[in-house]
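Here are two short exercises to work through with the model open beside you. Try each task before you read its solution.

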Amino acid sequence: MIAETVCSAVSAAGLGIAVVTAYRKRFLAAARIAAYSLVPVGLVMTGVVGWLADTAFSPTAWAGFGVLGGAWLLFAGTRAIERRRGGTRAERKAARGGQSGAAVAPTASAPSLGAGSPPAARPAAAPRAGSGEDFSDIEAILKKHGI
């Protein structure tokens, strides 16, 4: 009962402000203020205010909100742990080579460059005299990777 009275008073005050604003030739702002001021009366007329008032003083409703909050905390906590471990249980099992029903594709040895064209081959520099031994291990690594 008191919630409906407060909502009606707020709406009446808002409509009064809208009238004063319209008197000052600011019709767009007055229409916007009138729209906002009609919302509390609309909520009272639809019964939302009564439902909220009944819910606010109901211990069962507050227990329900507590259960929903606990469920949300469990969900968020398990998602955070799952992200730290690196995926779902099935993904971890497949990565370890477990006996999953689906085949796992082998990983690429070279990084993927996307949809671009392959880089042009650069001509190899002529080896300098006396420096062939110094770079032999580097040449072996580059040849291993196909560079």
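**Exercise 1.** Work out how the span of helix 1 compares with the expected one, and which of its residues are buried or exposed.

*Solution.* Start with the length: in this predicted model, helix 1 runs over residues 2–23, 22 residues in total. From first C-alpha to last it reaches 32 Å, close to the 32 Å expected at 1.5 Å a residue.

Next, pick out the residues under 20% relative accessible area. In helix 1 the buried ones are Cys7, Ser11, Gly14, Ala18 and Thr21. These five cover an arc of only 80° around the axis, so they sit on the same side of helix 1.

Now turn to the other side of helix 1, where Ile2, Ala12, Val19 and Tyr23 are exposed.

Then ask what covers the buried residues of helix 1. The cover includes helix 2 (27–46) and helix 3 (48–56).

Finally, look past the end: Lys25 follows helix 1 and has a positive phi, near 65°.

**Exercise 2.** Find the aromatic pair in the structure and describe its geometry and surroundings.

*Solution.* Searching the whole structure gives one aromatic pair. Its partners are Trp62 and Phe65, with 5.7 Å centre to centre and 65° between the planes. Because planes over 60 degrees apart count as edge-to-face, that is the class of this pair.

Place the partners next: both belong to helix 4 (residues 59–85), three residues apart, about one turn of the helix.

Last, check accessibility. Trp62 is exposed, at 52% relative accessible area, while Phe65 is partly exposed, at 44%.

Notes:
Residues are numbered from 1 along each chain as its sequence is written. This is a predicted model: local features need pLDDT of at least 70, side-chain atom pairs count only at pLDDT 80 or more; totals for chains, interfaces and linings use all residues. Side-chain values use heavy atoms; hydrogens and water are left out. Helices (H or I, at least four residues) and strands (E, at least two) are DSSP runs, numbered from the N terminus. The expected span of a helix is 1.5 Å times one less than its number of residues. Buried means under 20% relative accessible area, exposed over 50%, partly exposed in between (1.4 Å probe, protein chains only). The arc is that of the directions from the helix axis to the C-beta atoms. Contact means heavy atoms within 4.5 Å. Rings of Phe, Tyr and Trp (its six-membered ring) pair if their centres lie within 6.5 Å; planes under 30 degrees apart count as stacked, over 60 as edge-to-face and the rest as tilted.
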